[in-house]
Each structure stands twice: as structure tokens, then as C-alpha cells.
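Visitor: Could you take me slowly through one part of this model, beginning with a single side chain and its surroundings and moving outward from there?

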Amino acid sequence: MSKKIGLLLVALMAVSLFFAACQPQTVEVTKEVIKTVEVEKEVVKTVEVEKEVVTTVEVEKEVEVKESATLAIEHFSIIEGTTWSGAQDRAGKRIAEKYPDVEYIYREEVGPDLTNPYAEEMIADGANIVLGNAEFMGMPLKDIADQYPDVYFGSVIASDLSTKTNFIRYFPKQYQALYLEGLIAGALTETGNIGIVSAFPSVQVIRRQAGFILGVQDAAELLGKDISVYVKYVGDWYLPAEERDIASTLITQYDVDVITQQTDSLSPMDVAEEEGIWFVGKDMDIVGFYGLSSTDTVAVSFDTRWEVLFERIVKDWLSGNPNPETVLYLGMADSMTLADGTEVFTVDLMNDNKVGVEAISSAALPLIPAEIIELVEQRRTQMIEGVWDPFFEHAFVSNGTGLDLEDLPIPAAGTEVKPVDEMPSDEWLLSMFNFDLEGTTVLE
């Protein structure tokens with residue numbers, strides 16, 4: 001081989017080696033592969049949810065207006081010839097006359113043991129309103145009021161003022177008419193002695209007697225007279241024989257020439273007629289309504305129109321009122337229009353079917369000074385207008401006699417319990433007036 005060829009081969013080999021070194025080398029690389037794996041994560045989401053709020057809304061109950069009613073009255077005594085039960089019986093009849101859809105039913109001579117049995121019997125017969133016409137036998141109705149929530153119950157107030165939503169208490173302001181009677185009685189007495197045949201010491205009796213006594217005292221002051229008022233208690237409301245005996249005692253032993261009563265029989269009036277003295281009546285116009293005695297004996301009476309109170313109760317029930325007024329204490333400023341269109345005040349002077357000053361007996365009228373007649377007319381008008389009241393006008397000074405009540409003893413004699421120009425509350429008058437006024441003589 002020639003030298004040139006050998007050099008060429010060497011050169012070619014070198015070039016080959018050079019290019020080989022310049023070629024990229026394939027390297028096996030183990031790659032770490034990171035896989036993204038979707039993992040379901042428990043995601044706690046805070047979601048605002050609207051809460052259902054329960055709100056207590058007072059919805060007025062739909063009032064159910066009633067189409068009719070049955071008024072039931074439980075009378076503690078007989079009706080015929082009595083002033084208390086007689087007047088309330090007449091009131092029930094007047095309500096039924098004015099409201100054709102109201103029926104009146106009743107029971108007589110109801111004692112406390114019969115109050116609820118009779119009430120439930122009348123409710124079974126359809127009674128919706130049940131009233132007891134005296135507190136001692138009307139109060140048991142409170143015990144059954146919850147059993148008959150759709151029935152109105154009620155009772156006269158003597159001194160207890162307890163009520164329930166459907167147990168109503170009521171009384172008329174009879175003391176206003178009694179004050180006017182006191183003015184007339186004070187003018188009529190010639191002996192200066194006036195007698196009261198009374199039932200027993202109670203707030204009701206003491207309050208009514210106070211109205212009469214204030215009238216007598218005003219007449220005495222106006223006329224310059226010295227007048228004594230004698231009170232003697234019988235022990236109950238309706239004891240005709242005992243009432244007669246006490247009336248006779250007052251006339252024969254105490255020289256009484258004008259007599260009145262806080263009892264319910266007609267015995268005191270009978271005695272007055274027999275003895276030829278003046279009688280001043282209460283609760284009803286005995287001459288005009290019963291045709292008993294005459295204006296030769298009955299100088300004046302006052303009439304109680306319980307229907308004014310009953311109408312309030314009946315209208316509340318008919319209107320579906322679930323919350324009636326539970327204490328009704330109405331007087332001369334309150335009235336009712338009867339079926340015949342006559343307006344009557346809760347209490348008023350009345351005698352032989354005449355009203356107001358005209359109710360004074362024509363035989364008594366000439367014996368009464370003009371200033372007393374004028375004062376009676378003036379005070380009556382003022383009380384009807386609601387601008388004057390004897391219990392506002394006068395101080396209450398204790399006589400030291402009366403009735404001890406629980407936690408309320410009789411004030412000592414001479415104690416001024418209420419000053420002039422201050423009106424006692426209805427609550428006080430109805431439940432706490434427990435003392436006789438100064439100037440009263442209470443006989444044993």
C-alpha cells in the first residue's frame with residue numbers, strides 16, 4: 001500500500017471518530033411521573049338558610065252576634081207585694097217588652113242551696129243570662145261560671161266585689177234618691193223624730209241610710225230644726241211580723257212621726273197607715289204599681305229601674321262581647337228608653353205614677369216649705385246631669401257604730417273619714433262604707 005493511501009485512511013478514520021463524538025447520545029432516563037388524582041374531598045359548606053320564624057299574632061276572635069237571649073232572674077223572696085224582688089221582676093218584663101227576641105224567666109224564694117241547681121235547670125231550658133237578685137244567694141253562681149263560659153252570670157252587690165269574665169256585679173246608686181227623700185222627710189217631721197226599720201248592718205244598708213240621713217240633716221239645717229234619726233234592725237230582709245213590731249216600737253216609744261225602711265215587706269207602711277203618720281217608701285212606687293195604701297200615707301217613694309242595668313248586660317251578651325263590663329254602678333245620670341218611648345233613670349222619686357217633685361203627695365206638699373221643694377228639684381236635676389252628688393258634697397264623720405269588716409274596724413266616733421268636696425271611689429262605696437254617719441241613733 002502506498003504511503004498516500006495510508007494517510008488517507010488515517011484521515012478518514014479521524015473524521016469518523018470526530019462525527020461520532022458529536023452525535024447526541026440516547027440516555028434512558030427513568031422519569032418520576034406525578035399523577036394528579038382527583039380525590040373527592042368532604043367539603044363543609046356554610047350555607048345560609050332562611051329560618052321559618054313562628055310569630056305569635058293575636059288574632060281578634062270573630063264576634064258572634066246573637067239573635068236572641070233568655071234572661072233568667074233568681075229572686076230571693078216572693079215577688080208579689082215586695083219592693084225589691086217586685087222591682088227586679090218588673091225590670092225583666094220591661095226588657096222582654098223592649099226586645100222581642102229576649103225572653104224573661106224566673107224562680108222565686110231562692111236560697112243559696114238552690115241557686116245553682118235552679119240556674120243549671122234554667123240553662124238547660126235555654127237561659128243565656130242568669131242573675132241572682134241578692135248577694136247572699138247570688139254569689140254561688142260564681143262557682144259554676146267557668147263550667148258555662150258562654151253564659152253570663154251576675155249578682156247584686158252587698159259588699160263583695162269579686163268578679164269573673166262572665167260573672168258580673170251590679171247595683172244602683174239608690175243613695176241619690178234617698179238623699180232627696182231625706183230632704184222631704186226632714187221637712188215633714190213635727191216631732192223631730194224619724195225612724196228607719198232596717199234589715200241588718202251591712203255596707204249596702206249603711207250606704208243607703210247615709211244618703212237618707214244626709215238629706216234629713218240638710219233639711220234640718222235649712223229649716224233650723226233639731227231632728228233625730230232612729231235605726232232599729234230586724235235581722236233579715238223579709239220578716240213581716242218583726243218589721244211590724246219594730247215600726248210600732250219606733251212610733252210608740254220614740255215618738256216617730258215619719259217612718260221609712262231598709263227591709264222588704266210592706267209591714268212598716270201598714271203600721272204607718274194605721275197610726276196616721278207619714279211613710280217614705282223605697283225601691284218601688286207601691287201606690288202606683290201595686291195600688292196599695294195611698295198618698296195620704298205615702299209622702300213619697302223612690303223607684304229603682306233595674307232594667308237600666310239589665311239592658312247593659314243583655315246588650316253586651318247579644319253583641320257577643322267576650323269581655324263585658326263586670327261592675328255596674330249606675331245612678332240618676334244613667335237611663336233607658338222603655339218600649340213605649342218613656343225615658344227612665346236608674347233611680348228617681350216616684351209616687352202614684354208621678355215622677356220627680358210631682359211625686360210628692362198632694363196631701364204632704366202643703367206641709368213642706370218652698371225652699372225644700374226648690375232644693376229637691378235643683379238637686380234632682382243636678383244629679384241627672386251628673387254635676388252634683390251628696391257623697392261628694394258632704395264630709396263623712398263616723399258615729400262610732402256600724403259593721404267591723406276584716407282588716408277594717410269601725411272608725412271611732414267623731415273621726416272624719418272623708419272630707420267635703422271629695423268623691424269616694426265606687427270600690428270604697430260598694431265594699432268599705434262600714435260606719436253610720438254622725439247623728440244616727442242605732443237602737444238595740
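Guide: Once its neighbours within four places in sequence are left aside, Arg380 is in contact (heavy atoms within 4.5 Å) with Leu180, Met332, Phe345, Asp348, Val355 and Gly356. The model is predicted, so local features are described where pLDDT is at least 70 and side-chain atom pairs count only at pLDDT 80 or more, while totals for chains, interfaces and linings use all residues. Residues are numbered from 1 along each chain as its sequence is written, and side-chain values use heavy atoms, with hydrogens and water left out.

Arg380 belongs to helix H12, which covers residues 370-385; helices here are DSSP runs of H or I with at least four residues, strands are runs of E with at least two, and both are numbered from the N terminus. With a relative accessible area of 18%, Arg380 counts as buried, a class that means under 20%, whereas exposed means over 50% and partly exposed lies in between (1.4 Å probe, protein chains only). One of its partners, Leu180, stands 200 residues away along the chain, and yet the two C-alpha atoms are separated by 7.4 Å.

Asp348, one of the contacts of Arg380, leads on to another charged side chain, since Asp348 is also among the contacts of Asp303. Asp303 sits in strand S11, residues 302-304, and is buried with a relative accessible area of 1%. Its side chain makes a polar contact with the side chain of Arg305 at 2.8 Å, where a polar contact is a pair of N or O atoms within 3.5 Å; within protein, one atom must be able to donate a hydrogen and the other to accept it, and residues adjacent in sequence count only if both atoms are side-chain atoms. Beyond its neighbours within four places in sequence, Asp303 touches Arg90, Asp283, Met284, Asp285, Thr346, Val347, Asp348 and Met350.

Val355, another contact of Arg380, brings us to strand S16 (354-355), and the loop between strand S15 (347-351) and S16 holds Asn353. In contrast to the buried Arg380, Asn353 is exposed, with a relative accessible area of 52%, and its phi is near 70°, a positive value in a residue other than glycine. A similar backbone feature occurs at Glu109, which is not a glycine either and has a positive phi of about 50°. Glu109 is found in the loop between strand S2 (102-107) and helix H3 (112-124), and at 53% relative accessibility it counts as exposed.

Away from the loops, attention turns to the interior. In soluble globular proteins, nonpolar side chains tend to be buried together. The largest nonpolar core (a set of buried Ala, Val, Leu, Ile, Met, Phe, Trp, Tyr and Cys residues joined through side-chain atoms within 4.5 Å) has 113 residues, and those touching the most other members are Tyr170, Ile259, Trp306, Phe310, Phe396 and Phe433. A second, separate core contains 14 residues, including Ile123, Val130, Ile144 and Phe167. Returning to Phe310, and leaving aside its neighbours within four places in sequence, its contacts are Ile73, Gln88, Ala91, Gly92, Ile95, Leu131 and Tyr170; of these, Tyr170 is itself among the residues of the largest core that touch the most other members.
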